[in-house]
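User: I'm new to this structure and would like a guided tour of one part of it. Please pick a spot, look at it closely, and explain the terms as you go.

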Amino acid sequence: MKFLAVFLISALMGMGVGGGGLFVIYLTLCLGYEQMMAQGTNLLFFIIAGAFSLFYHFKKRHIIWWQAAIMIIFGTVGSILFSKLALVLDPKYPKIALGILLVTSGLITLFNIIKKAKGKNFKKTLYK
């Protein structure tokens, strides 16, 4: 059962659905991981997946190197700073931050879907 859950979550992550948040929720609620351990495991999972996708995109020449360099620099600095910050914070704050992030990203996605749907209906009626 665990294999199936992780497989489905990784498939969602690969499709860009936001499986990382689902993976943290699964680790904390179903497997009993502490929040920081779950987020660290999720980060490790994401780094491994990202490394493999980097090889694919490198082979297909889809990488814009100057943009990748900027993301690598800021991502590394941000990861180091916020991991140090997470060590001194009360564990409830990363839980709250993750919850806010998940709700916010879900609402943004919902509003974008609604906005696109309204735009399509308007164009269909306008050009009929």
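Analyst: Let's start with a term: two residues are in contact when they have heavy atoms within 4.5 Å of each other. Take the contacts in the protein with a separation of 6 or more: 36% of them are between residues 24 or more positions apart.

Some ground rules next. This is a predicted model, in which local features need pLDDT of at least 70 and side-chain atom pairs count only at pLDDT 80 or more, while totals for chains, interfaces and linings use all residues. Residues are numbered from 1 along each chain as its sequence is written, and side-chain values use heavy atoms, with hydrogens and water left out. As for pLDDT, that's the predictor's confidence in each residue, from 0 to 100. The protein averages 80, with 88% of its residues at 70 or more. Where pLDDT is low, the predicted coordinates should not be read in detail.

Now the overall layout. Helices (H or I, at least four residues) and strands (E, at least two) are DSSP runs, numbered from the N terminus. On that count you get five helices and zero strands, so to speak an α-α-α-α-α pattern along the sequence. Helix 1 (residues 2-14) has the lowest mean pLDDT of these elements, 76, and helix 4 (residues 65-88) the highest, 86.

The spot I've picked is helix 3 (residues 35-59) and what it touches. The expected span of a helix is 1.5 Å times one less than its number of residues. For the 25 residues of helix 3 that gives 36 Å, and its end C-alpha atoms are indeed 36 Å apart. After helix 3 comes arginine 61, whose phi is positive, near 60°.

Which residues of helix 3 are buried? Buried means under 20% relative accessible area, exposed means over 50%, and partly exposed is in between (1.4 Å probe, protein chains only). The buried ones in helix 3 are Gln35, Ala38 and Asn42. Across the protein, buried residues are 14% of the 128.

Zoom in on asparagine 42, which belongs to helix 3. Asparagine 42 counts as buried because its relative accessibility is 15%. Setting aside neighbours within four places in sequence, asparagine 42 is in contact with Met13, Gly20, Phe23 and Val24. Methionine 37 is also in helix 3, but at 52% relative accessibility it counts as exposed. The C-alpha atoms of methionine 37 and valine 24 lie 9.1 Å apart, though the two are 13 residues apart in sequence.

Three of those names come back in the largest nonpolar core, meaning a set of buried Ala, Val, Leu, Ile, Met, Phe, Trp, Tyr and Cys residues joined through side-chain atoms within 4.5 Å. This core has nine residues: Ala5, Ile9, Met13, Phe23, Val24, Tyr26, Leu27, Ala38 and Leu98. Helix 1 and helix 2 each supply at least two of them, and helix 2 gives the most, with four. Leucine 27 touches Gly32, Tyr33, Ala38 and Thr41, again leaving out residues up to four places away in sequence.

Then there are the rings. Rings of Phe, Tyr and Trp (its six-membered ring) pair if their centres lie within 6.5 Å; planes under 30 degrees apart count as stacked, over 60 as edge-to-face and the rest as tilted. The whole structure has two aromatic pairs. Phenylalanine 3 and phenylalanine 7 make a stacked pair, because their centres are 6.3 Å apart and their planes are at 25°. These two phenylalanines are four residues apart in helix 1, about one helical turn. Phenylalanine 3 is exposed at 69% relative accessibility, while phenylalanine 7 is partly exposed at 48%.

The other pair brings us back to helix 3: phenylalanine 23 and phenylalanine 45 have ring centres 4.9 Å apart and planes at 35°, so this pair is tilted. It links distant parts of the chain, with phenylalanine 23 in helix 2 (residues 19-30), phenylalanine 45 in helix 3, and their positions 22 residues apart. Phenylalanine 23 is buried at 5% relative accessibility, and phenylalanine 45 is partly exposed at 26%.

One last neighbour is lysine 95, in helix 5 (residues 92-126). Its C-alpha atom is 8.6 Å from that of methionine 36, 59 residues away along the chain. Lysine 95 is partly exposed, at 48% relative accessibility.
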